[in-house]
Amino acid sequence: MSVGRAGDARTTTFWAQYAWLPHANGPVVEQDVLIATGPGGRITAVTPDSGPCPPGAVRLEGLLLPGQANAHSHAFHRALRGNVQVGSGTFWTWRDTMYRFAGALDPDSYLALATAVYAEMALAGITAVGEFHYLHHAPGGVRYDDPNAMGEALIEAAARAGIRITLLDTCYLSSGFGAEPTKPQRRFSDGDADAWAERVEALKPREHARIGAAIHSVRAVPADQLGTVAQWTATRNAPLHVHLSEQTAENDACLNAHGVTPTRLLADHGALGPRTSAVHATHLTEEDIKLLTDSSTTICMCPTTERDLADGIGPARQLASGGCAVTLGSDSHAVLDPFEEARALELNERLRTRTRGHWTANSLLRAGTEDGHASLGWPEAGRIEAGSLADFTVIALDSVRTAGPPARLGAETAVFAASAADVRHLVVGGRHIVRDGVHQLVPDVPGALRSSIAALSC
């Protein structure tokens, strides 16, 4: 059942005990907020200080926030949780384990796993996901009868879980600069960028789904084919995402192959700009930072994955100060908690600089809401105001984590104290997906995760 197939043709009024609302001087927490929704799953009116909950309105106790946008996800990586925390290792040994799980998936098992993962996201307050999707074909690289069977499984999974998705169909052609894909990577490759574009053209948007593109990395797409992917997105005004300088080994290999950094290579082939999100952007030169800020490229940080993989702490604050929008993603789902991603951005910077106060709670919430949705091609989401999509989440203010601070500090409480466990409600397109902490479409999310991961038998 897609987000838009039920519940958005009627008018529903929600009453929020507190809500984080936009204002000319910056967002503030208001109380007794009526939110009316109507056809198309959009907000039709927002009325603060409305008094007690009126008859017929849906009562939402706690703090209402815009739905969180998970700007960078690999759904099948959720199966790795726990498995890749045994012993030590490097990013590259982690990647070998990831390939084993990737090799076990087919469209049916991916549908089951992704539905469970996206339901977990809904329980964590996420209303939209950017799925960086490169697991395209059958083992060995043979195409399914429907060449987009794996991508279609992800789109259907989001519908079953009740959230929105931007399928970032990923071009992945090489195991390294000039090297053929390895055996596990043959599933990822279309042969060349033109064949990739031809396949992706068959993917169509739905009410709950939009189509974007991704360059896996400069090591995975030959330099002379980067422009093909960038041009495909430019023609369609679609989002373009790319893993950038996550590891120093990628930078060194790019310098050896092309004499320039990955950022410069992307810039030279027209792959930077306001529609582009550079994911991780961890190991950058000063010239790289200038190229990203001058082009207004968005930066997607994934703090819990970056620390899990020992990637390092990227210059997010410097990039933001230069004009780059910053978004947040859960990437490998070592942790699936948008509030943890938000506070980790600030806390990592505190560790790096040994000073506090680099990001306000409001700016971190904006990264996870308005800017995150914009980076995924949903600019009409991420704000609680008339005309926006009726996508919002409610966190408890009376849990052991959140009790105590005054409601006016709701943003600070959400970012620096709350967790995914505090999400009480989730509404997508005016439709109540999570009610009182219970997913309404996937009755047993832990069971769905357990069974879908066990089926991979890795």
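So, the largest nonpolar core: in this predicted model it has 122 residues, and the members that touch the most others are Phe-76, Tyr-110, Tyr-118, Ile-215, Leu-266 and Leu-292. Which helix gives the most to this core? That's helix 2, with 10 residues. As background, nonpolar side chains tend to be buried together in soluble globular proteins.

Let's zoom in on Phe-76. Leaving aside residues up to four places away in sequence, Phe-76 touches Met-98, Ala-102, Leu-105, Tyr-110, Leu-113, Tyr-134 and Leu-135. And there's another core, lying apart from the one with 122 residues. That other core has 14 residues, among them Leu-60, Ile-384, Ala-390 and Val-394.

Okay, on to the rings. How many aromatic pairs are there? The count comes to eight. Take Phe-76 with Tyr-110: the ring centres are 6.3 Å apart and the planes sit at 75°. Anything over 60 degrees counts as edge-to-face, so that's what we call this pair. Where do the two partners sit? Phe-76 is in the loop between strand 5, residues 68–73, and helix 1, residues 91–103, while Tyr-110 is in helix 2. So the pair ties together parts that are 34 residues apart in sequence.

Buried or exposed, then, for Phe-76? The cut-off for buried is under 20% relative accessible area, and Phe-76 comes in at 2%, so it counts as buried. Tyr-110 is buried too, at 1%.

Now a second pair, Tyr-134 with Tyr-172. Their ring centres are 5.5 Å apart with the planes at 45°, so this pair is tilted. This one also links distant parts of the chain. Tyr-134 is in the loop between strand 6 and helix 3, and Tyr-172 is in the loop between strand 7 and helix 4, residues 193–200, which puts them 38 residues apart. Both Tyr-134 and Tyr-172 are buried. Put those four together with Tyr-99 and Phe-188, and you've got one aromatic cluster.

Rings can have a charge over them as well. Arg-210 lies over the face of Trp-378, at 3.7 Å from the ring centre. Over at Trp-359, the charged end of Arg-317 sits above the ring, 4.3 Å from its centre.

Next up, helix 3. This helix runs over residues 149–161, so 13 residues, and reaches 18 Å from its first C-alpha to its last, close to the 18 Å expected at 1.5 Å a residue. Helix 3 is mostly covered, with 10 of its 13 residues buried. You'll spot plenty of alanine in the buried list, including Ala-149, Ala-153, Ala-157 and Ala-161. In general, an α-helix has 3.6 residues a turn, so residues three or four places apart point the same way. What covers the buried part? The cover includes helix 2, strand 6, strand 7, strand 8, strand 15 and strand 16. Right after helix 3 comes Gly-162, with a positive phi, near 80°.

Last stop, the open sheet. Eight strands, in the order 3-2-1-4-13-14-15-16, with mixed pairing. Strand 3 and strand 16 stand at the edges with a single partner strand each, so one side of each has no neighbour in the sheet. Further in, strand 14 and strand 15 pair in the antiparallel sense over three bridges. For one of the bridge partners, look at Val-427: its partner is His-432 in strand 15.

Key
Residues are numbered from 1 along each chain as its sequence is written. This is a predicted model: local features need pLDDT of at least 70, side-chain atom pairs count only at pLDDT 80 or more; totals for chains, interfaces and linings use all residues. Side-chain values use heavy atoms; hydrogens and water are left out. Helices (H or I, at least four residues) and strands (E, at least two) are DSSP runs, numbered from the N terminus. The expected span of a helix is 1.5 Å times one less than its number of residues. Buried means under 20% relative accessible area, exposed over 50%, partly exposed in between (1.4 Å probe, protein chains only). Contact means heavy atoms within 4.5 Å. A nonpolar core is a set of buried Ala, Val, Leu, Ile, Met, Phe, Trp, Tyr and Cys residues joined through side-chain atoms within 4.5 Å. Two strands pair if DSSP finds at least two bridges between them. Rings of Phe, Tyr and Trp (its six-membered ring) pair if their centres lie within 6.5 Å; planes under 30 degrees apart count as stacked, over 60 as edge-to-face and the rest as tilted. A charge sits over a ring if NZ of Lys or CZ of Arg is within 6 Å of the ring centre and within 35 degrees of the ring normal.
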